[in-house]
Amino acid sequence: MNPALIVALDVPSAKEMEEALERLPDRIEWYKVGLELFCAVGPDILTPLKKRNKKIFMDLKLHDIPRTVANAVKTAASHGVNLMTVHAIGGRAMLEAAAGAARESANPPKLVAVTTLTSLNEEDFRDLGISRTLSDQAAALGELAISSGIDGLVTSAHEAGVLRKKFPDALLVTPGIRMPGGDTGDQKRVATPSFAVQQGATHLVVGRPILRAEDPAAVAEAIFADIKSAP
Ligand code: C5P
């Protein structure tokens, strides 16, 4: 599979999304809609993307009882979403229900699991009563998600190589992508597009480096070229 670039539409309104779309080349096939934009506008936010024949990554990180998550996946699938996130910590029954709901949809979306939020540290783990290390927890939850029928994982590019060996067929979605020498923003563990691809990433999520650029189209083209340069 050719690695895909997903542009994260981290903007607060439909108007700003339209403005961003106008500045970006047709070549970008994938867009991510997250909680901020989805809560601001609702499912209508997907319409302009579908009109442009774009693929949609809906990043709502679902975590609830199995039935509720399954119904949310079913509804999102009916809206034409192609990729969605769930929290692996929701447990096996929730993950299996989500995977089952996706499979039964007329246009099944792929599901990827978040193992551990990157905002958490070992101190948070103590508060949560989790005695594993961060990396052991991520590995265990990755195994749980994949063995429950989830299609892949959200991961830093730095852990993608290990996950690729463990899960040869999994989708690996990597945020925290920056061009060499680019501003890292609040991302601590960044990687270049070609590094992420070398490590086995299938979908690269990029937000601010494209959206905040003076020339977003040029940055997107540079990212496509860097992806292509990966050996
Ligand atoms: O602007 P930037 O390229 O840092 O955006 C990355 C996107 O990936 C954001 O939409 C953010 O929510 C998401 N993300 C992340 N780090 C994670 C998980 C998701 O940056 N660990």
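## A walk around the chain, starting at Lys74

Select Lys74 to begin: leaving out residues up to four places away in sequence, Lys74 touches Ala101 and Ser105. What you have open is a predicted model. Lys74 sits in helix α4, which runs over residues 66-78. Is Lys74 buried, exposed or partly exposed? Partly exposed, because its relative accessibility is 46%. Now draw a distance from Lys74 to Leu21, using the C-alpha atoms: they are 27 Å apart, and 53 residues separate the two along the chain.

**Zoom out**

Before the next residue, show the protein chain as a cartoon. How many helices and strands does the secondary structure of the protein chain come to? Eleven helices and eight strands. The C-alpha atoms fill a box of roughly 45 × 35 × 35 Å along the principal axes. The radius of gyration is 17 Å, and a compact globule with 231 residues would come out near 17 Å, so the two agree.

Switch on a surface if you like. The protein chain exposes about 11600 Å², and 51% of that is supplied by carbon and sulfur atoms. On the inside, buried residues make up 47% of the 231 residues. As for contacts with a separation of 6 or more, 68% of them link residues 24 or more positions apart. You can also colour by charge: there are 26 positive and 28 negative charges, and their mean positions lie 4 Å apart.

**Strand β4: Thr85 and Val86**

Next, select Thr85, in strand β4 (residues 83-87). Thr85 counts as buried because its relative accessible area is 1%, where the cut-off is under 20%. Show side chains here and look for Asp59: its side chain makes a polar contact with the side chain of Thr85, at 2.6 Å. Which residues does Thr85 touch, not counting those up to four places away in sequence? The list is Phe57, Met58, Asp59, Leu60, Lys61, Leu62, Val112, Val114 and Val154.

Step along to Val86, also placed in strand β4. Its relative accessibility is 0%, so Val86 counts as buried. Setting aside neighbours within four places in sequence, Val86 is in contact with a list of residues including Lys61, Leu62, Val69, Met94 and Leu95. Ala98, Val112, Ala113, Val114 and Ile150 are among the contacts of Val86 too. For a long view from here, measure to Ala217 in your viewer: the C-alpha atoms of Val86 and Ala217 are 31 Å apart, with their places 131 residues apart along the chain.

**Two residues with positive phi**

Lys61 turned up in the contacts of Val86, so to speak, as a signpost; select Lys61 now. Lys61 lies in strand β3. Its phi is near 45 degrees, a positive value in a residue other than glycine. Most residues other than glycine have a negative phi. Lys61 is partly exposed, because its relative accessible area is 28%.

Then move to Asn53. Where does Asn53 lie? In the loop between α3 (47-51) and β3 (55-62). Asn53 has a positive phi as well, near 60 degrees. With a relative accessibility of 70%, Asn53 counts as exposed, because the cut-off for that is over 50%.

**Helix α1 and the loop after it**

Now go to Glu16, found in helix α1. Glu16 counts as partly exposed because its relative accessibility is 35%. Pick Leu37 as a second point: the C-alpha atoms of Glu16 and Leu37 are separated by 9.9 Å, while the two residues are 21 apart along the chain.

Finish at Pro25, in the loop between α1 (14-22) and β2 (30-34). Is Pro25 buried or exposed? Buried, because its relative accessibility is 17%. Show what surrounds Pro25: leaving aside neighbours within four places in sequence, Pro25 is in contact with Ala217, Ala220 and Glu221. Ala217 is the residue you used as the far end of the distance from Val86. One last distance: from Pro25 to Glu104 the C-alpha atoms are separated by 34 Å, and the residues are 79 apart along the chain.

Note on methods: Residues are numbered from 1 along each chain as its sequence is written. This is a predicted model: local features need pLDDT of at least 70, side-chain atom pairs count only at pLDDT 80 or more; totals for chains, interfaces and linings use all residues. Side-chain values use heavy atoms; hydrogens and water are left out. Helices (H or I, at least four residues) and strands (E, at least two) are DSSP runs, numbered from the N terminus. The radius of gyration is taken over C-alpha atoms; the globule rule is 2.2 Å times the number of residues to the power 0.38. Buried means under 20% relative accessible area, exposed over 50%, partly exposed in between (1.4 Å probe, protein chains only). Contact means heavy atoms within 4.5 Å. Accessible areas come from the Shrake-Rupley method with a 1.4 Å probe; for residues, only the protein chains shown count as cover. Lys and Arg count as positive and Asp and Glu as negative; His and the chain ends are not counted. The place of a charge is taken as NZ of Lys, CZ of Arg, CG of Asp or CD of Glu. A polar contact is a pair of N or O atoms within 3.5 Å; within protein, one must be able to donate a hydrogen and the other to accept it, and residues adjacent in sequence count only if both atoms are side-chain atoms.
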